Amino acid sequence: MIATEAALALDAQAELGEGPMWDPRVGCLYFVDILRGRVHRFDPVPEQVRSYDVGRMVGAVALTESDDLILAVQDGFARLDTRTGAVHTVATLDAAQPDLRFNDGKCDPAGRLWAGTMALDERRGAGAVYRLDPGGRIHRIFGDVTISNGLDWSDDCATMYYIDSPTRTIDVFDFDLSSGAVGNRRPFVRIPRDEGVPDGMTLDAEGYLWVALWGGGAVHRYAPDGRRATVIRVPTRYPTSCAFGGADLGDLYITTAHVKLTPQERVEQPQAGGVFVVRPGPKGRPTNRFGCGAGLQPCDRDPQP
Ligand code: CA
């Protein structure tokens, strides 16, 4: 088993850094600080950071075909104009509950944005998973979710991977690309108690899954048969999610949080809340964009570098 340690790429000091998303057209990484309601844009070369104040909690960010981003915010979805910083509501949940918020989300290969909710007090089963279609309609897909987190889809578009963190399980669903329906949920990998809980994740170009272990200070890579193939150590306890980026999609960016650290742990882990990076060998896949699935065909992905 290969073990590697990630290095600090950006000392972001995020309270709850999350949702890394590489934009290959611009060459920058977007990520969010959920509790502070911020979207950050990080350009590694030359190094530059721009931050947007969303004015409410923001759980995830998705690319579009324009310079705008689609955000999963506290009670629905919004559009962020990255040139002006203006935020406009796109769609709001019918039964918005003030003590819930959107958490992790990602676009499927047909350009629909999937995102799940959680209760602010993390009470069991209060959340649900929703799908925002490019026309602006929200569909509730399934409920009984506690802390909705990582999502991704296999290259053949037949499988959706999903994490509800307190289950300690990475699940798989059968996925229907044309309708956006899911079914036949079953466990794929169960995480042992001493390894933390599964949080955000991404598939690489070889079909292996990279999963951030919240509380475990690591990102794990799992083979398509569920075997753990690689451990990347992160020098802080709460990695939250990961995404491939860089010119060749060979850099694995890892977001982290400091919100759960004790004052003593914050002294011991001064880089907590930063964005970390490692070149693990395998490469990523281009990011799906919202609204690019006209005709419900898989996106024309950006050309492989
Ligand atoms: Ca998360």
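Visitor: Why is Arg 131 called buried?
Guide: The relative accessible area of Arg 131 is 7%. Buried means under 20%, exposed over 50% and partly exposed in between, with a 1.4 Å probe and protein chains only, so Arg 131 counts as buried.

Visitor: What do these values rest on?
Guide: This is a predicted model, in which local features need pLDDT of at least 70 and side-chain atom pairs count only at pLDDT 80 or more, while totals for chains, interfaces and linings use all residues. Residues are numbered from 1 along each chain as its sequence is written, and side-chain values use heavy atoms, with hydrogens and water left out.

Visitor: What makes Asp 133 and Arg 131 a salt bridge?
Guide: The term requires a side-chain nitrogen of Lys or Arg within 4 Å of a carboxyl oxygen of Asp or Glu. In this pair the closest N and O atoms are 2.8 Å apart, so the rule is met. Asp 133 is also buried, at 16%. By this rule the count comes to 27 salt bridges.

Visitor: How do you know that Glu 122 is partly exposed?
Guide: Its relative accessible area is 38%, which falls between the two cut-offs, so the term applies. Glu 122 forms a salt bridge with Lys 260, with the closest N and O atoms 3.9 Å apart.

Visitor: Why are Glu 18, Asn 149 and Asp 199 called donors of the calcium ion?
Guide: Donors are N, O and S atoms within 2.8 Å of the metal (3.2 Å for Na, K and Ca); water is not among the atoms, so sites may look incomplete. The protein donors here lie 2.1 to 3.1 Å from the calcium ion, so they qualify.
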